[in-house]
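Hi,

Here is the structure I promised to pass on. Have a look at it first, and my notes come right after.

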Amino acid sequence: MNRIDQTFKKLASSNRKALVAYLTAGDPDFDTSLRILRTACASGVDVLEIGVPFSDPTCDGPVIQVASARALKTGMSFSKSIRLAAEVRKAVETPIVLFSYYNPIFKYGLDRVAKEVAEAGVDGLLVVDLPPEEAGPLTDALKGKDVHLIRLAAPTTKPERIRMLANGAGGFLYLITRLGVTGTGGLDYADVAKHAAAVKAVCPHPVCLGFGISTCEDARALAPLADGLIVGSALVRIIAQAPADADLPALVATKIGELRDGMDACP
Amino acid sequence: MNTKQIKGHYPDATGHFGFYGGRYVGETLIAALTDLETAWNAAKEDPAFIAGFRSMLTNYAGRPTPLDFAERLSNHVGGARIYLKREDCAHTGAHKINNVIGQGLLARRMGKRHVIAETGAGQHGVATATIAARFGMGCKVFMGEEDVRRQAPNVLRMKLLGAEVIPVTSGTGTLKDAMNEALRYWVAEVENTFYIIGTVSGPHPYPVMVRDLQRVIGDESRRQMLEQVGKLPDLLVACVGGGSNAMGLFYPFLDDPCEMLGAEAAGEGLNTPHHAASITGGAPGTLHGAMTYLLQNDEGQIQEAWSISAGLDYPGVGPEHALLHDLGRVRYDGVTDREAVEAFKLLCRFEGIIPALESSHALAAAINEAVRRPKDQAILVCISGRGDKDLDHITAYMKAHNL
């Protein structure tokens, strides 16, 4: 059984919600990134999302844009991101989702991607600019591999399409909480609640909320609405803002602990 | 040459031009693109909409633009006769207005009160600001900070027209980054904002919609050639950045026995890293919503484009061009900065026309072809815009290169 499925099953049986943590691969550099990712897994993260840096991250806000640029500057790439995931996998059993824009995947070669991510111990691929209509070739390449293609739904997604997305989802459905790019704050909890309920009602898979979740308060308010929360920019920002000599893994772990507390404090 | 039955066959129902095109965007934009597609499909079949579009092309944009025989230039070059499709004569000084009138009318029909646009040379930004003023819509134009510097006169024009120009500092500060930022803004404001994309690129339905709005260039040219010259051109030439003037010119001729040449910006040369020739020097991939030819490295990171011309300084190209290249229907070739500037000077001196630097690439390619062809051949080249906006930039270039 895929580690993502195992994890959600286990969490459900203990009535807990998943904390999905996004971090950009190679931010601020390969070795530090590896230490941060491993520490994150030991600090209460249920699913690890490793972001492949891309030159033109049109779905991302400034925090992840800058992180991508930082990582690319140190020579990070798609192949090195797979290597990083493999290194994380050596130490932990946490499910790993590789997040990417489509072009690096397409350029690397779909069959090669499928083979190498499976060998690296990656459990899911999330391709942010690849809607199901264009995902045929990648889906075919992933056949026979124990790697889910994670799908996204948005606040603008119409009901009949939500049903289509939900049924085709693998692992979990990534429900975007708000309009805009990643890292934009100011969530309207009531809006999110309404949308999440509608999606949960038709989705046979776990539903996780992402975009704009950054505080303990967000975590507490939103955790009851879904099966998990995805936090990205709030973690990446810590890396960007830390002083040069800071213990980055510890800082990220502290933030994860706060979010975890918020989620677990929910009724 | 395969000249049969290309026209009308692409894109397919899902917006693919063969392998290219499609809709590679985040889920949030899917609904907006579906709505846009539905609205466009209804509008283009609505005689009242089409009549409104035609009327504005005539009375506002000043169409038809002339088809002009460049007699002195042709004699100077000594070879095939060169004809100019004078898009520089259109209102706002470039072909960009054709597309923007159409999309502006569509935005109004869809009840959108705000439009946004990306711009490189500033021509599309000016055209969008123009139509926003005309229709009383709010307008934001995203422009790379490098281009804000290179195209200062157009920035002033946009501001005069009431648009807000937003300098984009992310990435390389050029057209690609302006489009990234426009997409990011759109995804946040998608419910009340219409994104007017300026070229035959982006996610479906933009490439086909912009082509259909720009085909007036080719439709007029075809009629004018038959009326004025008595035959179709042997060769059509247009510059290709995103490729909207080229697609507009080429499309109506696709099933005719005419050769076609797309002039890409070869910058300092195709053998250098400093060029913007996505087809001649790139490889397939996805950017800004479409599968197409891109400048990219082996790991799929998009590379910086480089051209003296801000309007061609883009690492991608419209997906229909990618298909026409693969089909062998259109030949794409690079024109260097220097060749473009030399052609620019020739048109100024021999015809009294100051072309845009973008159009000068097409002109250089046309001259290059004319030299090798007999006098009974006709070459039609699209002068996609006027060059007033480029004067400072080009003067500096000529000085630096002793031209």
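Below are some notes on a helix pair and on the cavities.

This is a predicted model, so to speak with filters: local features need pLDDT of at least 70, side-chain atom pairs count only at pLDDT 80 or more, and totals for chains, interfaces and linings use all residues. Residues are numbered from 1 along each chain as its sequence is written, chains are lettered from A and ligands numbered from 1 in written order, and side-chain values use heavy atoms, without hydrogens and water.

Helices first. In chain B, the axes (lines fitted to C-alpha atoms over the stretch in contact, with angles from 0 to 180 degrees between N-to-C directions) of α14 (residues 337-351) and α16 (residues 391-400) come within 11 Å and cross at roughly 110°. Helices here are DSSP runs of H or I with at least four residues, numbered from the N terminus. α14(B) and α16(B) are therefore roughly perpendicular (65 to 115 degrees). In the contact (heavy atoms within 4.5 Å), α14(B) supplies B:Asp337, B:Arg338, B:Val341, B:Phe344 and B:Lys345, while α16(B) brings B:Leu391, B:Ile394, B:Tyr397 and B:Met398.

Now the empty space. A cavity is a set of points on a 1 Å grid over the protein atoms alone where a 1.4 Å probe fits but cannot get out; lining residues have an atom within 4 Å of a point. The whole structure has 3 cavities of 30 Å³ or more, and the largest holds about 330 Å³ (the space filled by probe spheres set on the points). Its lining has 29 residues, with B:His95, B:Lys96, B:Gly311, B:Leu312 and B:Glu358 nearest the centre.

Cheers

Technical notes: Helices (H or I, at least four residues) and strands (E, at least two) are DSSP runs, numbered from the N terminus. Angles under 35 degrees count as roughly parallel, over 145 as roughly antiparallel, 65 to 115 as roughly perpendicular and the rest as oblique. On a 1 Å grid over the protein atoms alone, a cavity is a set of points where a 1.4 Å probe fits but cannot get out, and a pocket is an open set with protein on both sides within 12 Å along at least five of seven lines; lining residues have an atom within 4 Å of a point.
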